[in-house]
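Please find below my notes on this model, set out as numbered points. They follow the chain through its strands, a helix, the loops and the cores.

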Amino acid sequence: GYANMHDIMTKEDTFIFVIGPRGTGKTYGALLDVANGRYGKVVYVRRNDTQLSAVKLPELNPFKRINHDIGTDLMFSPMGKLTAGIYHGENVDGVIKPVGAPLGLGVALSVFSNVRGIDGMDYQTIIFDEFIKEAHERPIKNEGEAFLNMYETLNRNRELQGKPPLKAVLLSNSNDLRSPILDALGVVDLVDKMNRHGRRHGEAAHGAISVYLYPDSPIS
């Protein structure tokens, strides 16, 4: 059977790619564990700032269904000019407003190099939602390098302090497997080979990178 997102998220690999069709529970499964407080503070990443702005709207909140299903109250709200915070929400006179300290951060890859003052050591997990661009989306200049730079900025050589590296979980629909981010991490050939041979799981970089391909089955 297909591994579920909870099993995937708890693996110790540094980079975990989960690629499959829409509606297979990738984002739901990943954020469900976030809502349950399993990964400390997270950085939720989208490719561009338009996509990040959208998650601040109540109807497009990625936690909306999770909040309904398990009774949580998580939401995104602006935090600085280029970032959003993940907060608990509270109903104030019919309007849901953020309360307390942020539980995580939302950023867009396209503008991350302009974001200042993030202490990466505060965060344990990156969740990059829809990391492969759709056909109509514009590419980001040096997209693979931009992702690696973002990772390095947030990871900040924590291994030198005896800490585990920042975990990055990258989720996407399987619309185009020629992703600059897959290329930057050297796994395009692995994904291609897995696709051709119908393999669901592959590893690279001595187990530091895991790839899960879900061609046709619900995994939530």
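Which unit do β6, α5 and β7 make, and what is its hand? The model is a predicted one, and the points below should be read with that in mind.

1. The β-α-β unit. Together β6, α5 and β7 form a β-α-β unit, and this unit is right-handed. The two strands, β6 and β7 (residues 167-172), run parallel and are joined by five bridges, with Phe128 standing opposite Leu170 of β7.

2. Strand β6. Five of the five residues of β6 (residues 125-129) are buried, so this strand is largely enclosed by the rest of the structure. The cover extends to both faces, with Thr125, Ile127 and Asp129 buried on one side and Ile126 and Phe128 buried on the other. Besides β7, strand β2 (residues 42-46) also pairs with β6, in the parallel sense and over four bridges; here Val45 has Phe128 as its bridge partner. Phe128 therefore appears in the pairing with β2 as the partner of Val45 and is buried under the cut-off of 20% relative accessible area.

3. Strand β7. This strand is likewise largely enclosed by the rest of the structure, because six of the six residues of β7 are buried. Lys167, Val169 and Leu171 point one way, while Ala168, Leu170 and Ser172 point the other way, and all of them are buried. Strand β1 (15-19) pairs with β7 in the parallel sense over five bridges, and in that pairing the bridge partner of Ile19 is Ser172.

4. Helix α5. The helix has 13 residues and spans 18 Å from its first C-alpha to its last, close to the 18 Å expected at 1.5 Å a residue. Its buried residues are Glu143, Gly144, Phe147, Met150, Tyr151, Leu154 and Asn155. They cover an arc of only 125° around the axis, which means that they lie on the same side of α5. In an α-helix there are 3.6 residues a turn, so residues three or four places apart point the same way. The buried residues of α5 pack against β1, β2, β5, β6, β7 and α6 (180-184).

5. The end of α5. Where does Asn155 lie, and is Asn155 buried or exposed? Asn155 is in helix α5 (residues 143-155) and, with a relative accessibility of 3%, counts as buried. If neighbours within four places in sequence are left aside, its contacts are Met121, Pro165 and Leu166. Just after α5, Arg156 takes a positive phi of about 50°, in a residue other than glycine. Arg156 belongs to the loop between α5 and β7, and its relative accessibility of 44% makes it partly exposed.

6. A second positive phi. Asp93 also has a positive phi, of about 50°, although it is not a glycine. Its place is the loop between β4 (84-92) and β5, and, at 77% relative accessibility, Asp93 counts as exposed.

7. Phe112 in its loop. Phe112 lies in the loop between β5 (95-108) and β6, yet it is buried, having a relative accessible area of 7%. Not counting residues up to four places away in sequence, Phe112 touches Val107, Ile118, Met150, Thr153 and Leu154; of these, Met150 and Leu154 are among the buried residues of α5. From C-alpha to C-alpha, Phe112 is 12 Å from Lys141, a residue 29 places apart from it in sequence.

8. The nonpolar cores. Which residues touch the most other members of the largest nonpolar core? In this core of 34 residues they are Phe17, Ile126, Phe128, Phe131, Phe147 and Ile181. The largest share of the core, four residues, comes from α5. Apart from this core lies another, of 28 residues, which includes Ile8, Ile16, Ala30 and Tyr44.

9. Phe17 and its contacts. Leaving aside neighbours within four places in sequence, Phe17 is in contact with Phe131, Leu170, Ile181, Leu182, Leu185, Val187, Ile209, Ser210, Val211 and Tyr212. Among these contacts, Leu170 is the residue of β7 that stands opposite Phe128, and Phe131 and Ile181 are, like Phe17, listed with those that touch the most other members of the largest core.

Key. Residues are numbered from 1 along each chain as its sequence is written. This is a predicted model: local features need pLDDT of at least 70, side-chain atom pairs count only at pLDDT 80 or more; totals for chains, interfaces and linings use all residues. Side-chain values use heavy atoms; hydrogens and water are left out. Buried means under 20% relative accessible area, exposed over 50%, partly exposed in between (1.4 Å probe, protein chains only). Contact means heavy atoms within 4.5 Å. Two strands pair if DSSP finds at least two bridges between them. A crossover is right-handed if, with the strands pointing away from the viewer, the path from the first strand over the helix to the second runs clockwise. A nonpolar core is a set of buried Ala, Val, Leu, Ile, Met, Phe, Trp, Tyr and Cys residues joined through side-chain atoms within 4.5 Å. The expected span of a helix is 1.5 Å times one less than its number of residues. The arc is that of the directions from the helix axis to the C-beta atoms.
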